[in-house]
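Visitor: I am new to this structure and would like to learn how to read its features. Could you guide me through them, one at a time?

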Amino acid sequence: GMRVIARPTGFAATDGVHEEYVALSWADQSMIEGGYNVYRGGGGALALDGVDGYMTTTGQITIAGSFTFEFWARRASSGTDDFVINIELPNTPNPNDVNLDIGFLESDEFAVGFGDRILQTAGTYTDTDWHHWACSYDTATGLRTMYRDGVQVAQDSPGTDYLGAGDFYVGRRQDYTRYMDGLVDELVIHDRALADYEIMDLYE
């Protein structure tokens with residue numbers, strides 16, 4: 001199955017320029033919150049300004065077991081930290097278990113981190129085109145895998161399961177840093193580790 005967190009479902013005009021981004025909720029559709037200083041980009045994507053734009057849910061989410069995050073993203077520029085996803089509790093004593101980051105580093109690698117257990121691509125990506133990204137974790141094998149446009153680009157064994165519970169952010173970290181400058185669309189969280197062919201099917 002899948003749980004949709006951030007696929008656009010509608011927009012409410014605010015100042016005539018920016019529009020409120022409405023997110024589907026986590027699991028039971030009870031957590032809905034408009035984005036802050038975000039607007040609808042081309043094709044209805046979530047547009048983030050790299051300064052103070054982000055989206056969040058109204059309550060904390062919990063991810064237990066295997067999972068896959070997948071989304072389309074387009075950076076506005078390279079050479080900056082552009083974090084697409086952050087799940088974090090402030091002042092957590094064991095961030096390796098409960099904090100998660102997915103996005104671009106200023107060195108232009110793409111990375112996923114369970115706290116300081118970070119997997120990043122060997123190559124760098126500086127283009128500003130649309131790409132499909134997917135990050136999975138399989139508790140049965142202990143493998144964490146990243147895909148770009150349906151192709152595996154990195155894999156490791158982080159050594160601990162992700163036991164995430166916390167505030168969910170799209171476009172920045174919980175500590176108001178690493179704002180994404182660009183577009184994000186069709187962000188989906190699956191409650192299992194998808195197979196390689198399933199990732200390719202989603203890309204195609």
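Guide: Gladly! Let us begin with a single residue: at 37% relative accessibility, Asp175 counts as partly exposed, where buried means under 20% relative accessible area, exposed over 50% and partly exposed in between (1.4 Å probe, protein chains only). Please keep in mind that this is a predicted model, in which local features need pLDDT of at least 70 and side-chain atom pairs count only at pLDDT 80 or more, while totals for chains, interfaces and linings use all residues. Residues are numbered from 1 along each chain as its sequence is written, and side-chain values use heavy atoms, with hydrogens and water left out.

Visitor: Which residue forms a salt bridge with Asp175?

Guide: Side chains of opposite charge can pair when their charged atoms come close. A salt bridge here is a side-chain nitrogen of Lys or Arg within 4 Å of a carboxyl oxygen of Asp or Glu. For Asp175 the partner is Arg173, with the closest N and O atoms 3.1 Å apart. Arg173 is buried, at a relative accessible area of 13%.

Visitor: How many salt bridges does a search of the whole structure find?

Guide: The search finds 8. In one of them, Arg75 pairs with Asp108, their closest N and O atoms being 2.9 Å apart. Arg75 belongs to strand 8 (residues 67–75) and Asp108 to the loop between strand 10 (100–104) and strand 11 (110–114), so the pair ties together parts that are 33 residues apart in sequence. Strands are DSSP runs (E, at least two residues), numbered from the N terminus. Arg75 and Asp108 are both buried.

Visitor: What about Arg144?

Guide: Arg144 forms a salt bridge with Asp156, at 2.8 Å between the closest N and O atoms. This pair links strand 14 (residues 143–148), which holds Arg144, with strand 15 (residues 151–156), which holds Asp156. Arg144 is buried, with a relative accessible area of 2%.

Visitor: How do I read empty space, and what volume does the largest cavity have?

Guide: Rolling a probe the size of a water molecule over the atoms shows where empty space is left. On a 1 Å grid over the protein atoms alone, a cavity is a set of points where a 1.4 Å probe fits but cannot get out, and lining residues have an atom within 4 Å of a point. A volume is the space filled by probe spheres set on the points, which are joined across faces, edges and corners. The largest cavity has a volume of about 60 Å³. Its lining includes Arg75, Phe104 and Trp133, and strand 8 gives the largest share, 3 residues.

Visitor: How many aromatic pairs are there?

Guide: A pair of aromatic rings is described by the distance of the centres and the angle of the planes. Rings of Phe, Tyr and Trp (its six-membered ring) pair if their centres lie within 6.5 Å; planes under 30 degrees apart count as stacked, over 60 as edge-to-face and the rest as tilted. The count comes to 13 aromatic pairs. Among them, Phe67 and Phe114 are tilted, at 6.3 Å centre to centre with 50° between the planes. Phe67 is in strand 8 and Phe114 in strand 11, so this pair ties together parts 47 residues apart in sequence. The rings of Phe104 and Phe110 have centres 5.0 Å apart and planes at 80°, so that pair is edge-to-face. Phe104 and Phe110 are buried.

Note on methods. Helices (H or I, at least four residues) and strands (E, at least two) are DSSP runs, numbered from the N terminus. On a 1 Å grid over the protein atoms alone, a cavity is a set of points where a 1.4 Å probe fits but cannot get out, and a pocket is an open set with protein on both sides within 12 Å along at least five of seven lines; lining residues have an atom within 4 Å of a point.
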